[in-house]
Amino acid sequence: MEEIYRRIPHRPPFLFIDKIIEITETGARAALTIRPDFSFFEGHYPGNPIMPGVLLCESVFQTGAIFLADHLQSESLNDSSVTPVLSRIRDARFKRMVKPGDEVEISVTLGEKMGQFFTMTGEIRKEGKVALTISYALAMVRENPPK
């Protein structure tokens, strides 16, 4: 978990990655075990809990932020004053339900870079089969210095 904490500002209960599998020049892969004790399961289809699609998307966005933290390491953007911020979601497709106890693999691939905006595609696989595909963009936003 320290490897994750070192790269992104997200923390439990809003962290949806358990493990970094690999980071390459063009993307990253991470994993998440869907724990039955996630608090949102109490209200998201009680008796037949399903991982909320928006949180599956969030796990993709967090994996993208982990990738960018490594990808931009050589640039001055990789410091505590820069926050990865979601700036666009496009074409999210949900193909399989994800339930408590499932293990998913999350992968992201870098697309274009336009200034401080990075387009990416993401995918979640459950048991080797696609559960989610999405295109999105992250912006690396620098905090304003205190006055």
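In the predicted model, L86 has L138 of strand β6 as its bridge partner. This pairing belongs to the contact between β3 and β6 (residues 129-142), two strands that run antiparallel and are joined by 10 bridges. Both strands are part of an open sheet of six strands, arranged in the order β1-β2-β4-β5-β6-β3 with antiparallel pairing. The edges of the sheet are formed by β1 (19-23) and β3 (82-94), each of which pairs on one side only. From one strand to the next, the twist averages 25°. Helix α2 (residues 53-71) packs on this sheet and touches β1, β2 (27-33), β3, β4 (103-114), β5 (117-126) and β6. The direction of α2 makes about 50° with that of β6.

At the edge formed by β1, pairing with β2 is antiparallel and extends over four bridges. The two strands form a hairpin, with three residues between them. Within this hairpin, I23 has A28 of β2 as its bridge partner.

The interior of the model was examined next. In soluble globular proteins, nonpolar side chains tend to be buried together. Here the largest nonpolar core comprises 36 residues, and those with the most contacts inside it are L32, I34, M51, V60, I124 and Y136. At least two residues of this core are supplied by each of β2, α2, β4, β5 and β6. Helix α2 provides the largest share, nine residues. The surroundings of L32 illustrate how separate segments meet: when neighbours within four places in sequence are left aside, L32 is in contact with F16, I17, D18, F38, M51, D102, E103, V104 and I106.

Aromatic side chains were also considered, and a search of the whole structure finds seven aromatic pairs. One of them is formed by F16 and F38, in an edge-to-face arrangement with 6.3 Å centre to centre and 75° between the planes. This pair links distant parts of the chain, since F16 lies in the loop between α1 (2-7) and β1, whereas F38 lies in the loop between β2 and α2, 22 residues apart. F16 is buried, with a relative accessible area of 2%, and F38 is likewise buried, at 8%. Both residues are also among the contacts of L32. In addition, F16 and F38 belong to one aromatic cluster together with F14, F40 and F41.

A further pair involves F61 and Y136, whose rings are tilted, with 4.9 Å centre to centre and 55° between the planes. Because F61 lies in helix α2 and Y136 in strand β6, this pair ties together parts that are 75 residues apart in sequence. F61 and Y136 are both buried. Y136 is also one of the residues with the most contacts inside the largest nonpolar core, and the two elements concerned, α2 and β6, are in contact where the helix packs on the sheet.

With respect to confidence, the chain averages a pLDDT of 92, and 92% of the residues score at least 70. Among the elements of the chain, the lowest mean pLDDT, 92, belongs to α1, and the highest, 98, to β2. Where pLDDT is low, the predicted coordinates should not be read in detail.

Definitions and conventions:
Residues numbered from 1 in each chain as written. Predicted model: local features only at pLDDT ≥ 70, side-chain atom pairs only at ≥ 80, totals over all residues. Heavy atoms only, no water. Pairing = 2+ DSSP bridges. Axes fitted to C-alpha atoms, helices over the stretch in contact; angles between N-to-C directions. Contact = heavy atoms within 4.5 Å. Core = buried A, V, L, I, M, F, W, Y, C linked by side-chain atoms within 4.5 Å. Buried < 20%, exposed > 50% of the residue type's maximum accessible area, 1.4 Å probe, protein only. Phe/Tyr/Trp six-rings, centres within 6.5 Å; stacked < 30°, edge-to-face > 60°. pLDDT = per-residue confidence, 0-100.
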